[in-house]
Amino acid sequence: MVKLDDITIRFGDEPLFDALSWTLSPEPQRIGLVGPNGAGKTTLLKVIAGDQSVDAGTVTHEGVSIGYLEQDVQDLPDNRTVRDEALRAFDDVLALEEKEERISEELAETDHESDRHETLLNRLHRVQEQLDAREAHRVRPRTEATLTGLGFAPDELDRPLRTFSGGWRMRAALARLLLAQPDLLLLDEPTNHLDIASIDWLEDTLETYPGAVVLVSHDRSVLDRMVTATAELVRGRLLHYDGNYSHYLEAREDRYDRWQRRYENQQKRIEEIKEFISKFRYNAARASQVQSRIKKLEKMDRIPPPPDSAPTMSFEFPEPPRSGAVVLELSTFHKTYDTEQGTERVFANAGPLTIERGDKIALVGPNGAGKSTLARIIRGTESFDGTRTEGHKVTTAFHAQHQAEALDPNQTVFGTLRTAAPDRPKTELRSLLGRFLFTNEEAFKDVRVLSGGEKSRLALARTLLSPANLLILDEPTNHLDIQSREVLIEALQTYEGTFVLVSHDRHVIDAVAEKTWRVGGGTVRTFLGNYSDFRWQVEEGSARPLQDRPAAAEDRTPTGSSENGHAAPDAADPPPDAPSPDPLQEGPFSHLNSYQLKQKLEDTEARILEIEETQEDLEAAMADPEAYAGDGAAARELSDEYNALKQELSDLYDEWEVLTEYVMALED
């Protein structure tokens with residue numbers, strides 16, 4: 001058990017925590033720790049873990065093992081392999097295995113008839129019993145299963161950690177904690193560096209975790225699915241709620257309403273007492289009553305006003321200029337990278353792809369499959385084998401995945417926008433910054449002192465400087481809190497242009513996407529609808545299961561390396577018992593996009609009309625007696641032509657029915 005009793009921490013004059021108390025027991029439970037940025041969630045986790053001292057109060061750990069995953073993992077040895085880092089969860093088993101090996105070696109060199117040999121045999125037996133009790137035979141299979149669940153490819157497990165980016169080193173550290181199964185698991189933004197498939201795996205793993213989990217996350221889908229209780233940090237204290245994040249939002253609103261009413265009623269009562277005291281202060285006959293009310297005021301337990309709503313971003317994307325009906329077309333394309341290990345493929349025979357005006361497209365797939373590469377190909381900044389054709393009057397705005405980290409640390413917040421738009425009026429830039437919560441002196445802070453969330457807001461603000469009818473947004477939600485993500489959702493829902501969104505936040509994708517492009521296995525597959533629709537088609541519908549194997553890719557490169565250093569390998573073949581393909585996904589026209597399907601349907605209808613008109617002419621000609629004059633060759637020629645057209649018309653009717661199904665599915 002961990003007990004925090006009336007702890008106080010001050011940073012400057014204002015207390016971060018004010019007499020905060022919390023008791024955490026090791027029984028299975030999953031608690032979401034929520035609150036606005038700066039409320040102290042990370043600091044509270046550090047206090048629980050014993051990594052942060054307090055100014056007042058006590059912290060008690062009573063026989064509880066604690067595992068703490070920080071947002072940024074910095075202290076892992078560069079030469080340690082991924083497998084070795086995860087196996088640290090079983091240091092006691094590894095020590096017993098080493099002991100077993102030493103005893104076995106000594107036994108081999110000891111006289112079988114000696115007393116020493118008998119002693120060693122007994123010691124070996126005890127060690128092996130301990131190994132059996134700890135299920136040592138399962139240690140390595142469990143380790144490999146956990147690492148692959150978090151996205152590592154089997155051939156990466158023995159690579160040194162220095163060859164991976166910070167996000168992948170964090171995964172290795174997370175694997176070690178999950179395998180160790182401490183009584184209390186503290187996770188600070190564990191999904192920041194995970195792709196959707198790995199997030200799904202983590203959720204499934206935590207659902208059956210045998211201890212207590214305290215989770216800080218800005219991913220609403222994770223909080224809704226995972227947590228069984230919610231703790232809100234507000235004004236330096238904790239408010240507790242049963243249920244997941246959505247239930248917490250409803251319960252908090254009800255609680256704050258009741259809080260506001262109690263506060264207002266008490267304030268009204270206080271005013272009444274003060275008026276009585278003021279009115280009868282100098283009335284000798286009422287002196288005892290006045291004194292009674294003065295004492296009542298002094299002893300009254302004052303109810304503080306409920307906290308004001310945390311400030312949130314407020315913005316809309318500028319109204320875009322109207323583009324042509326077709327915004328962008330990619331031919332069948334290929335993309336490879338040259339690496340130290342040789343040529344690695346990202347895309348092979350992918351496409352063709354078409355983006356139409358008003359499309360709201362989400363790119364999903366495992367990390368390293370090529371989502372960011374495809375986003376840059378769409379933007380026109382990534383070379384590839386194929387053709388890219390931009391539509392009429394298309395203007396593009398691009399938000400890169402690491403744009404926040406690429407901001408000039410020596411610039412001020414205002415200077416960052418001024419550099420990007422030197423001709424814009426100062427008042428316009430200040431107004432834009434205000435909508436992104438950079439007000440007054442905050443607009444002139446140096447970028448180097450900004451938090452991750454503040455940098456993300458600034459990078460997003462810079463994206464809005466030019467009206468664009470094609471937005472390409474690569475992980476725009478990185479480091480944004482839940483409230484800011486909701487504002488982004490509203491802005492995308494009301495945006496009248498076209499956008500392509502890369503995100504691992506399923507709640508955001510579900511709220512804004514109307515098409516899903518699944519990137520993986522060297523190709524891109526189109527699914528109608530949002531992420532939940534895509535998942536249903538894969539898991540419950542008839543779409544073929546997608547079996548891509550995660551592999552070394554852009555975001556697995558070591559810090560400072562080019563993000564183009566690696567690419568994804570081929571997808572594994574589907575299992576023999578895979579469901580039969582959906583005809584709309586695997587049929588004769590599955591390679592066509594929506595624009596091409598509609599055009600194909602129009603062409604088919606036109607050809608049907610043309611043949612029907614020709615048949616009428618042939619029927620009139622065959623009815624003419626002169627066609628049968630002489631040897632009847634003219635009549636036979638007319639008949640052959642008529643029968644050929646009849647067969648073609650029959651085939652076209654079949655084709656028309658299939659195309660109509662495709663187009664109707666697009667419009668549902």
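Strands, in the sense used here, are DSSP runs of E at least two residues long, numbered from the N terminus. One such strand is β7, which spans residues 212-216 and holds leucine 215. The model described here is a predicted one, and leucine 215 offers a friendly place to enter it.

Leucine 215 has a relative accessibility of 5%, and because buried means under 20%, this residue counts as buried. Which residues surround it? Apart from neighbours within four places in sequence, leucine 215 is in contact with Ile31, Gly32, Leu33, Leu187, Pro190, Val222, Leu223 and Val227. Some of the chain brought together here is far removed in sequence: valine 34 and leucine 215 are separated by 181 residues along the chain, yet their C-alpha atoms are 8.6 Å apart in space.

A wider view of the protein helps to place this residue. The protein contains 20 helices and 20 strands. Of its 668 residues, 46% are buried. Among contacts with a separation of 6 or more, 71% are between residues 24 or more positions apart.

The start of the chain contributes to an open sheet of three strands, arranged in the order β2-β1-β4 with antiparallel pairing. Its edges are formed by β2 (14-24) and β4 (56-61), each of which pairs on one side only. On average, and ignoring direction, neighbouring strands in this sheet are turned by 25° against each other. Strand β1, covering residues 2-11, is joined to β2 by seven bridges in the antiparallel sense. Within this pairing, leucine 4 stands opposite tryptophan 22 of β2. Helix α1 (residues 41-49) packs on the sheet, where it touches β1, β2 and β4, and its direction makes about 130° with that of β1.

Helix-to-helix packing can be followed in α9 (residues 245-280) and α10 (residues 287-299). The axes of these two helices lie 9 Å apart, at an angle of about 145°, and their crossing is left-handed. On the α9 side, the contact is made by Arg269, Ile270, Ile273, Lys274, Phe276, Ile277 and Phe280, while α10 brings Gln289, Val290, Arg293, Ile294, Lys296 and Leu297. Sorted by class, the residues of this contact are eight nonpolar, one polar and four charged.

Another helix, α12, runs over residues 413-420, and its buried residues are Val413, Phe414, Gly415, Thr416 and Leu417. What covers them? The cover over the buried residues of α12 includes α13 (426-435) and α14 (452-463).

Charged side chains also pair up across the model, and a search of the whole structure finds 32 salt bridges. In one of them, glutamate 382 meets lysine 335 with an N to O distance of 3.0 Å. Glutamate 382 sits in the loop between α11 (371-379) and β15 (388-390), whereas lysine 335 belongs to strand β11 (residues 333-339), so this salt bridge ties together parts that are 47 residues apart in sequence. Are these two residues buried or exposed? Both glutamate 382 and lysine 335 are buried.

A second salt bridge joins the side chains of lysine 600 and glutamate 655, at 3.9 Å from N to O. This pair links distant parts of the chain, 55 residues apart, with lysine 600 in helix α19 (residues 594-622) and glutamate 655 in helix α20 (residues 633-667). Lysine 600 counts as partly exposed because its relative accessibility is 31%. Glutamate 655, with a relative accessible area of 22%, is also partly exposed.

Helix α19 holds a more local example too. There, arginine 607 forms a salt bridge with glutamate 610, their closest N and O atoms being 3.0 Å apart. The two residues are three places apart in helix α19, so about one helical turn separates them. An α-helix has 3.6 residues a turn, so residues three or four places apart point the same way. Arginine 607 is partly exposed, at 27% relative accessibility, and glutamate 610 is likewise partly exposed, at 43%. Elsewhere, salt bridges with shared partners connect Asp200, Glu203, Asp204, Glu207, Arg225, Arg506 and Arg535 into one network.

Key: Residues are numbered from 1 along each chain as its sequence is written. This is a predicted model: local features need pLDDT of at least 70, side-chain atom pairs count only at pLDDT 80 or more; totals for chains, interfaces and linings use all residues. Side-chain values use heavy atoms; hydrogens and water are left out. Two strands pair if DSSP finds at least two bridges between them. Helices (H or I, at least four residues) and strands (E, at least two) are DSSP runs, numbered from the N terminus. Axes are lines fitted to C-alpha atoms, for helices over the stretch in contact, and angles run from 0 to 180 degrees between N-to-C directions. Contact means heavy atoms within 4.5 Å. A salt bridge is a side-chain nitrogen of Lys or Arg within 4 Å of a carboxyl oxygen of Asp or Glu. Buried means under 20% relative accessible area, exposed over 50%, partly exposed in between (1.4 Å probe, protein chains only). A crossing is left-handed if the near helix is turned anticlockwise from the far one by less than a right angle, and right-handed if clockwise. Ala, Val, Leu, Ile, Met, Phe, Trp, Tyr, Cys and Pro count as nonpolar, Asp, Glu, Lys and Arg as charged, and the others, Gly among them, as polar.
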